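Work through the exercises below with the sequence and the model open side by side. Each task is followed by a worked solution.

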Amino acid sequence: GYWQDQRTLVIDPSTKLAPSTRYDLTLSGELGERTASFKLSFVHQPLVIEGLVGQADADLMPPDGAIPLAFNQPVIPSDVIARCKLSGPDGVEIPLSSASASPAAQVSLIPARTLAAGETYTIGCANLAGAGGNATLDKAYTLALRARPAAGVESIEPEGTAVPADEVELA
(Lines give C-alpha, C1' and ligand atoms only; values in the text may rest on other atoms or scores of the structure.)
Protein backbone atom coordinates (compact mmCIF):
# COMPACT_ATOMS: atom_id res chain seq x y z
CA GLY A 1 0.00 0.00 0.00
CA TYR A 2 0.89 3.65 -0.13
CA TRP A 3 -0.17 6.95 1.41
CA GLN A 4 -2.29 8.99 -0.98
CA ASP A 5 -2.16 11.97 1.40
CA GLN A 6 -1.61 12.50 5.15
CA ARG A 7 -4.87 10.69 6.04
CA THR A 8 -5.51 8.16 3.27
CA LEU A 9 -3.76 4.81 3.06
CA VAL A 10 -4.41 3.02 -0.26
CA ILE A 11 -4.13 -0.74 -0.17
CA ASP A 12 -4.07 -2.70 -3.41
CA PRO A 13 -4.97 -6.39 -3.10
CA SER A 14 -2.39 -8.79 -4.49
CA THR A 15 -5.13 -10.91 -6.11
CA LYS A 16 -8.61 -10.24 -7.46
CA LEU A 17 -11.21 -10.02 -4.69
CA ALA A 18 -13.97 -12.66 -4.85
CA PRO A 19 -17.62 -11.57 -4.76
CA SER A 20 -19.75 -12.37 -1.71
CA THR A 21 -16.59 -12.79 0.37
CA ARG A 22 -15.74 -11.24 3.74
CA TYR A 23 -12.22 -9.92 4.10
CA ASP A 24 -10.48 -8.90 7.32
CA LEU A 25 -7.70 -6.32 7.21
CA THR A 26 -5.34 -5.77 10.14
CA LEU A 27 -2.60 -3.17 10.22
CA SER A 28 0.69 -4.48 11.56
CA GLY A 29 4.23 -3.29 12.14
CA GLU A 30 4.87 0.34 13.11
CA LEU A 31 1.54 1.48 11.64
CA GLY A 32 -0.27 -1.24 13.59
CA GLU A 33 1.42 -0.12 16.79
CA ARG A 34 0.44 3.52 16.16
CA THR A 35 -3.19 2.56 15.48
CA ALA A 36 -3.64 -0.07 18.25
CA SER A 37 -3.67 -2.86 15.62
CA PHE A 38 -6.58 -1.29 13.71
CA LYS A 39 -8.85 -3.90 12.09
CA LEU A 40 -11.31 -3.53 9.24
CA SER A 41 -13.78 -6.09 7.93
CA PHE A 42 -15.72 -5.74 4.66
CA VAL A 43 -17.66 -7.80 2.14
CA HIS A 44 -16.69 -7.42 -1.50
CA GLN A 45 -19.82 -7.32 -3.70
CA PRO A 46 -22.40 -8.55 -1.18
CA LEU A 47 -25.07 -10.90 -2.55
CA VAL A 48 -28.37 -9.24 -3.44
CA ILE A 49 -31.57 -10.96 -4.56
CA GLU A 50 -32.95 -8.72 -7.28
CA GLY A 51 -36.37 -10.40 -7.39
CA LEU A 52 -38.26 -12.14 -10.16
CA VAL A 53 -36.70 -12.15 -13.60
CA GLY A 54 -38.19 -11.83 -17.07
CA GLN A 55 -41.94 -11.58 -17.56
CA ALA A 56 -42.71 -13.08 -14.15
CA ASP A 57 -45.27 -11.12 -12.14
CA ALA A 58 -45.46 -11.76 -8.38
CA ASP A 59 -49.26 -11.34 -8.50
CA LEU A 60 -49.80 -13.66 -11.49
CA MET A 61 -47.45 -16.62 -11.05
CA PRO A 62 -48.39 -19.64 -13.16
CA PRO A 63 -49.65 -22.33 -10.73
CA ASP A 64 -47.65 -25.04 -12.50
CA GLY A 65 -44.58 -22.97 -13.41
CA ALA A 66 -41.16 -22.19 -12.01
CA ILE A 67 -40.28 -19.22 -9.81
CA PRO A 68 -37.41 -17.42 -11.60
CA LEU A 69 -35.20 -15.53 -9.13
CA ALA A 70 -32.45 -13.10 -10.19
CA PHE A 71 -29.28 -12.40 -8.22
CA ASN A 72 -26.54 -9.80 -8.67
CA GLN A 73 -23.93 -12.59 -9.06
CA PRO A 74 -23.84 -16.34 -9.70
CA VAL A 75 -25.21 -18.61 -6.97
CA ILE A 76 -25.16 -22.39 -6.68
CA PRO A 77 -28.70 -23.71 -7.32
CA SER A 78 -28.42 -26.41 -4.64
CA ASP A 79 -27.54 -23.69 -2.10
CA VAL A 80 -30.59 -21.68 -3.20
CA ILE A 81 -32.82 -24.75 -2.77
CA ALA A 82 -31.35 -25.39 0.70
CA ARG A 83 -31.66 -21.78 1.90
CA CYS A 84 -34.85 -20.56 0.19
CA LYS A 85 -38.24 -21.78 1.35
CA LEU A 86 -41.67 -21.55 -0.31
CA SER A 87 -44.55 -21.45 2.17
CA GLY A 88 -48.21 -21.92 1.32
CA PRO A 89 -51.16 -19.94 2.69
CA ASP A 90 -51.36 -22.41 5.59
CA GLY A 91 -47.66 -21.89 6.42
CA VAL A 92 -46.67 -25.37 5.24
CA GLU A 93 -43.36 -25.49 3.39
CA ILE A 94 -43.44 -26.65 -0.24
CA PRO A 95 -40.19 -28.36 -1.34
CA LEU A 96 -38.30 -26.73 -4.22
CA SER A 97 -35.99 -28.09 -6.90
CA SER A 98 -34.05 -26.69 -9.84
CA ALA A 99 -33.27 -28.12 -13.26
CA SER A 100 -29.81 -26.52 -13.19
CA ALA A 101 -26.76 -27.48 -11.16
CA SER A 102 -24.31 -24.89 -12.53
CA PRO A 103 -23.75 -21.55 -10.79
CA ALA A 104 -25.85 -18.82 -12.39
CA ALA A 105 -27.21 -15.34 -11.67
CA GLN A 106 -30.74 -16.58 -12.47
CA VAL A 107 -32.21 -19.68 -10.86
CA SER A 108 -35.62 -21.14 -11.64
CA LEU A 109 -37.10 -22.78 -8.57
CA ILE A 110 -39.66 -25.50 -9.27
CA PRO A 111 -42.28 -26.18 -6.56
CA ALA A 112 -42.87 -29.88 -5.80
CA ARG A 113 -46.60 -29.44 -6.38
CA THR A 114 -48.92 -27.24 -8.40
CA LEU A 115 -49.85 -24.05 -6.55
CA ALA A 116 -53.53 -23.47 -5.76
CA ALA A 117 -54.97 -20.89 -8.16
CA GLY A 118 -55.57 -17.51 -6.53
CA GLU A 119 -53.73 -18.40 -3.30
CA THR A 120 -50.90 -16.36 -1.79
CA TYR A 121 -47.48 -17.89 -1.10
CA THR A 122 -44.25 -16.55 0.38
CA ILE A 123 -40.72 -17.29 -0.73
CA GLY A 124 -38.00 -16.50 1.77
CA CYS A 125 -34.22 -16.83 1.59
CA ALA A 126 -31.69 -16.55 4.41
CA ASN A 127 -28.03 -17.41 4.98
CA LEU A 128 -27.36 -17.63 1.24
CA ALA A 129 -23.94 -16.71 -0.22
CA GLY A 130 -22.80 -16.22 -3.79
CA ALA A 131 -20.96 -19.06 -5.55
CA GLY A 132 -17.58 -19.47 -3.85
CA GLY A 133 -18.25 -16.74 -1.29
CA ASN A 134 -18.38 -16.94 2.48
CA ALA A 135 -20.57 -13.89 3.27
CA THR A 136 -24.31 -14.53 3.40
CA LEU A 137 -27.20 -12.13 2.78
CA ASP A 138 -27.20 -9.17 5.18
CA LYS A 139 -30.88 -9.75 5.97
CA ALA A 140 -33.46 -12.35 5.06
CA TYR A 141 -35.28 -11.87 1.76
CA THR A 142 -39.03 -12.42 1.45
CA LEU A 143 -41.39 -12.00 -1.47
CA ALA A 144 -45.15 -12.55 -1.53
CA LEU A 145 -46.37 -14.46 -4.58
CA ARG A 146 -49.90 -15.09 -5.80
CA ALA A 147 -50.76 -18.01 -8.03
CA ARG A 148 -52.66 -16.82 -11.07
CA PRO A 149 -56.40 -17.34 -10.53
CA ALA A 150 -58.28 -19.69 -12.84
CA ALA A 151 -59.68 -17.98 -15.93
CA GLY A 152 -63.40 -17.33 -15.80
CA VAL A 153 -66.15 -14.82 -16.51
CA GLU A 154 -67.12 -12.71 -13.51
CA SER A 155 -69.89 -10.69 -15.14
CA ILE A 156 -71.38 -9.78 -18.49
CA GLU A 157 -72.75 -6.36 -19.32
CA PRO A 158 -75.25 -5.10 -20.16
CA GLU A 159 -77.40 -7.25 -17.90
CA GLY A 160 -81.03 -8.30 -18.26
CA THR A 161 -83.37 -8.26 -21.27
CA ALA A 162 -83.47 -4.51 -21.82
CA VAL A 163 -80.53 -4.52 -24.21
CA PRO A 164 -80.82 -1.88 -26.94
CA ALA A 165 -79.85 -2.78 -30.48
CA ASP A 166 -76.61 -1.30 -31.76
CA GLU A 167 -77.84 0.15 -35.04
CA VAL A 168 -81.45 -0.38 -36.08
CA GLU A 169 -83.34 1.40 -38.86
CA LEU A 170 -87.08 1.08 -39.25
CA ALA A 171 -88.46 1.71 -42.72
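The model used here is predicted.

**Exercise 1. State the strand order of the open sheet that contains β5, and say which strands stand at its edges.**

Solution. Step 1: four strands make up this open sheet, and their order is β5-β6-β10-β9. Step 2: the pairing in the sheet is antiparallel. Step 3: β5 (49-52) and β9 (96-97) each have a single partner strand, so one side of each is left without a neighbour in the sheet. These two are therefore the edge strands.

**Exercise 2. Describe how β10 pairs with β6, and give bridge partners in β10.**

Solution. Step 1: locate the strands; β6 covers residues 67-75 and β10 covers residues 104-111. Step 2: their pairing is antiparallel and runs over five bridges. Step 3: find residues that face each other. Ile67 stands opposite Leu109 in β10, and Pro68 stands opposite Ser108 in β10.

**Exercise 3. Describe how β10 is paired with and connected to β9.**

Solution. Step 1: β9 and β10 pair in the antiparallel sense, over two bridges. Step 2: for a contact between these strands, take Ser97, which stands opposite Ile110 in β10. Step 3: follow the chain from β9 to β10; the two are joined by a hairpin through six residues.

**Exercise 4. Give the strand order of the open sheet that contains β8, then examine Glu93.**

Solution. Step 1: this open sheet has four strands in the order β8-β7-β11-β12, with antiparallel pairing. Step 2: its edge strands are β8 (93-94) and β12 (141-146), each of which pairs on one side only. Step 3: the partner of β8 is β7 (residues 84-87), and this antiparallel pairing has two bridges. Step 4: Glu93 is in strand β8 and is the bridge partner of Ser87. Step 5: classify Glu93 by accessibility. Its relative accessibility is 47%, and partly exposed covers the range between under 20% for buried and over 50% for exposed, so Glu93 counts as partly exposed. Step 6: relate Glu93 to the other sheet through Ile110, the residue opposite Ser97. The C-alpha atoms of Glu93 and Ile110 are separated by 13 Å, with the two residues 17 apart along the chain.

**Exercise 5. Which residues make the nonpolar surface patch, and where is Phe38 placed?**

Solution. Step 1: the patch consists of Phe38, Leu40 and Phe42, and its area is about 250 Å². Step 2: Phe38 belongs to the loop between α1 (29-34) and β4 (39-44). Step 3: the relative accessible area of Phe38 is 42%, so this residue is partly exposed.

**Exercise 6. Characterise the largest pocket: its volume, its lining and the strands that supply the lining.**

Solution. Step 1: the volume of the largest pocket is about 300 Å³. Step 2: it is lined by 14 residues, and the closest to its centre are Ile11, Leu25, Leu27, Leu40 and Phe42. Step 3: assign the lining to strands. β3 (21-26) and β4 each supply at least two residues, and the largest share, three residues, comes from β3. Step 4: compare with the previous exercise. Leu40 and Phe42 are among the residues closest to the pocket centre and also help to make the nonpolar patch.

**Exercise 7. Where do Gln45 and Asn127 lie, and is each exposed or partly exposed?**

Solution. Step 1: Gln45 has a phi near 50°, a positive value in a residue other than glycine. Gln45 lies in the loop between β4 and β5. Its relative accessibility is 44%, so it counts as partly exposed. Step 2: Asn127 also has a positive phi, about 55°, although it is not a glycine. Asn127 is in the loop between β11 (120-125) and β12. At 54% relative accessibility, Asn127 counts as exposed.

**Exercise 8. Place Ala150 in the chain and state how far its C-alpha atom is from that of Ala116.**

Solution. Step 1: Ala150 is in the segment after β12. Step 2: its relative accessibility is 65%, so Ala150 counts as exposed. Step 3: Ala150 and Ala116 are 34 residues apart along the chain, and their C-alpha atoms are separated by 9.3 Å.

Key. Residues numbered from 1 in each chain as written. Predicted model: local features only at pLDDT ≥ 70, side-chain atom pairs only at ≥ 80, totals over all residues. Heavy atoms only, no water. Pairing = 2+ DSSP bridges. Patch = residues over 30% accessible without salt bridge, like charges linked within 9 Å, V, L, I, M, F, W, Y side chains within 5 Å. Areas by Shrake-Rupley, 256 points an atom, 1.4 Å probe, with all protein chains shown as cover. Salt bridge = Lys/Arg side-chain N within 4 Å of Asp/Glu carboxyl O. Buried < 20%, exposed > 50% of the residue type's maximum accessible area, 1.4 Å probe, protein only. 1 Å grid on protein atoms, 1.4 Å probe; cavity = no way out; pocket = protein on both sides within 12 Å on 5 of 7 lines; lining within 4 Å. Points joined across faces, edges and corners; volume = space filled by probe spheres on them.
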